[in-house]
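Colleague: I should be grateful for a close look at one part of this model, set in the context of the whole. Please begin with the chain and then turn to the part itself.

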2 protein chains.
Amino acid sequence: MSNPSAAILVIGDEILSGRTRDSNLHYLSCELTKIGIYLQEARLVQDKAAEIVDAVKWLSSKYDYLFTSGGIGPTHDDITADCIAEAFGAEINVREDAFKLLQKYYLSQNIDFNNSRQRMARIPNDAKLIENPISVAPGFQLENVFVMAGVPNIFQSMVQSILPSLKSGKPLLSKSVKIPRGEGEIAANLKKIASNHKNVSIGSYPYNNQGKFGTNIVVRGTNSDELDVVAKILMSTLL
Amino acid sequence: MSNPSAAILVIGDEILSGRTRDSNLHYLSCELTKIGIYLQEARLVQDKAAEIVDAVKWLSSKYDYLFTSGGIGPTHDDITADCIAEAFGAEINVREDAFKLLQKYYLSQNIDFNNSRQRMARIPNDAKLIENPISVAPGFQLENVFVMAGVPNIFQSMVQSILPSLKSGKPLLSKSVKIPRGEGEIAANLKKIASNHKNVSIGSYPYNNQGKFGTNIVVRGTNSDELDVVAKILMSTLL
């Protein structure tokens with residue numbers, strides 16, 4: 001499979017404590033699937049430097065792309081930029097390009113561009129800025145890591161701005177077949193079909209509608225003809 | 001901090017592909033927070049044995065508890081039980097207690113207890129069964145790992161049945177303070193307050209209501225008097 005691989009690292013105590021329900025992972029997974037990038041792993045960690053640095057090192061070396069969400073604001077718990085720099089041994093300082101962007105914005109809004117806000121211009125050397133059309137403070141790309149905001153509408157706009165720059169693969173297509181029989185009844189045949197069609201992945205998801213058990217089968221792959229063939233086999237064999 | 005620590009491992013292609021939005025992580029995080037167990041990390045991996053085994057080894061040795069969700073059904077993509085056994089070097093076979101539970105259920109439902117369904121009785125030796133009041137196929141506990149179903153209502157009922165057996169800590173309380181000022185304006189004072197109150201964790205979450213920036217500040221800890229004190233300081237300093 002020549003499709004690029006990816007992971008997401010969601011940074012922030014608020015999701016692990018249950019205060020906030022993550023939506024960035026789900027949004028990113030849908031967007032990547034459309035352009036043929038396989039999201040293969042997700043991790044959620046607290047705002048702790050050692051955890052973030054370790055996860056960034058591991059995930060960025062294992063997958064083609066790593067996307068991060070959260071921890072790039074002006075407050076004491078925003079430590080992502082420094083952690084990314086540490087993970088790559090990069091220097092990090094207030095950078096002039098980011099500083100000017102922010103300075104111009106706060107001046108236009110008649111808002112004090114104080115020290116805390118200037119912290120948001122801390123960007124590793126050699127990183128490429130990611131535009132933030134909503135609140136200006138930029139994300140950035142360093143090596144194969146894309147560092148983005150945690151606030152969902154800002155995260156989403158940043159994802160949209162980086163998508164065209166990613167090496168995409170054949171779009172990952174899927175076809176669902178609904179079988180009104182329990183998983184246990186169709187499992188043996190399903191296994192055979194799956195082992196006869198290794199180019200597609202076949203997932204099986206039980207449902208229970210008011211006491212009626214059934215199974216949604218999802219066939220995923222990059223060749224739509226093959227998906228059609230497998231879907232027909234599933235229906236003729238399992239229905 | 002004497003509160004136990006925990007991680008969750010969500011297993012299944014369907015969440016990483018965007019087909020399904022995870023709800024088990026959010027549910028578990030809320031339940032653990034109530035009884036004083038800190039959820040400190042979450043990972044989502046595909047239905048791949050090597051990934052699951054590695055994650056189980058790592059997370060079960062790092063945290064007091066590991067909870068897993070998904071991959072314990074009767075189909076070819078359900079490989080969690082075998083992966084858990086492998087991670088701990090435990091033997092795994094069709095176990096008589098689980099077999100009898102399932103046999104009795106399928107007999108009562110007049111459903112064929114075929115080979116695929118018998119696979120759900122594959123439970124590592126020495127593991128303790130976790131009751132499944134909805135579709136009977138049990139989860140299990142091996143060492144500090146609790147293996148549960150991915151279907152949300154089954155996951156939730158399994159969580160409810162294991163909660164009383166967990167070593168809990170002081171409940172993790174939180175208090176929110178809404179400040180109608182941007183994060184950048186309050187960040188310097190917030191940092192000082194945070195560094196003066198190391199027993200609580202102070203998180204800062206920006207919001208944007210129709211163009212009005214503001215900040216929700218969440219103070220978390222186990223001592224409600226201290227939370228009240230810090231909340232008062234936040235309001236008097238930042239408002």
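What area does chain A expose, and what share of it do carbon and sulfur atoms supply? Please then examine helix α7 of chain A, residues 152-162.

Modeller: The model is predicted. Chain A exposes about 10600 Å², and carbon and sulfur atoms supply 49% of that area. The chain holds nine helices and 11 strands, and its C-alpha trace spans about 65 × 40 × 35 Å along the principal axes. Of its 239 residues, 56% count as buried. Among contacts in chain A with a separation of 6 or more, 69% join residues 24 or more positions apart. The side chains include 25 positive and 25 negative ones, with the centres of the two sets 10 Å apart.

Helix α7 contributes A:I154, A:F155, A:S157, A:M158, A:V159 and A:I162 to the buried residues. An α-helix has 3.6 residues a turn, so residues three or four places apart point the same way. The buried residues of α7(A) pack against one helix, α2 (24-34), and against the strands β1 (5-11), β3 (65-69), β6 (128-130), β7 (139-142) and β8 (145-148) of chain A.

As for the second copy, chain B is superposed on chain A by a rotation of 180 degrees with 0.0 Å of shift along the axis, at an RMSD of 0.0 Å. The two copies are therefore related as by a two-fold rotation axis. Within chain B, the C-alpha of B:R43 comes closest to that axis, at 2.2 Å. Because 100% of the interface residues of chain B are also interface residues in chain A, the copies meet through the same surface.

Notes
Residues numbered from 1 in each chain as written. Chains lettered and ligands numbered in written order. Predicted model: local features only at pLDDT ≥ 70, side-chain atom pairs only at ≥ 80, totals over all residues. Heavy atoms only, no water. Buried < 20%, exposed > 50% of the residue type's maximum accessible area, 1.4 Å probe, protein only. Helix = DSSP H or I, 4+ residues; strand = E, 2+ residues; numbered from the N terminus. Contact = heavy atoms within 4.5 Å. Least-squares fit on C-alpha atoms with pLDDT ≥ 70 in both. Areas by Shrake-Rupley, 256 points an atom, 1.4 Å probe, with all protein chains shown as cover. Lys, Arg positive; Asp, Glu negative; His and termini not counted. Charge placed at Lys NZ, Arg CZ, Asp CG, Glu CD.
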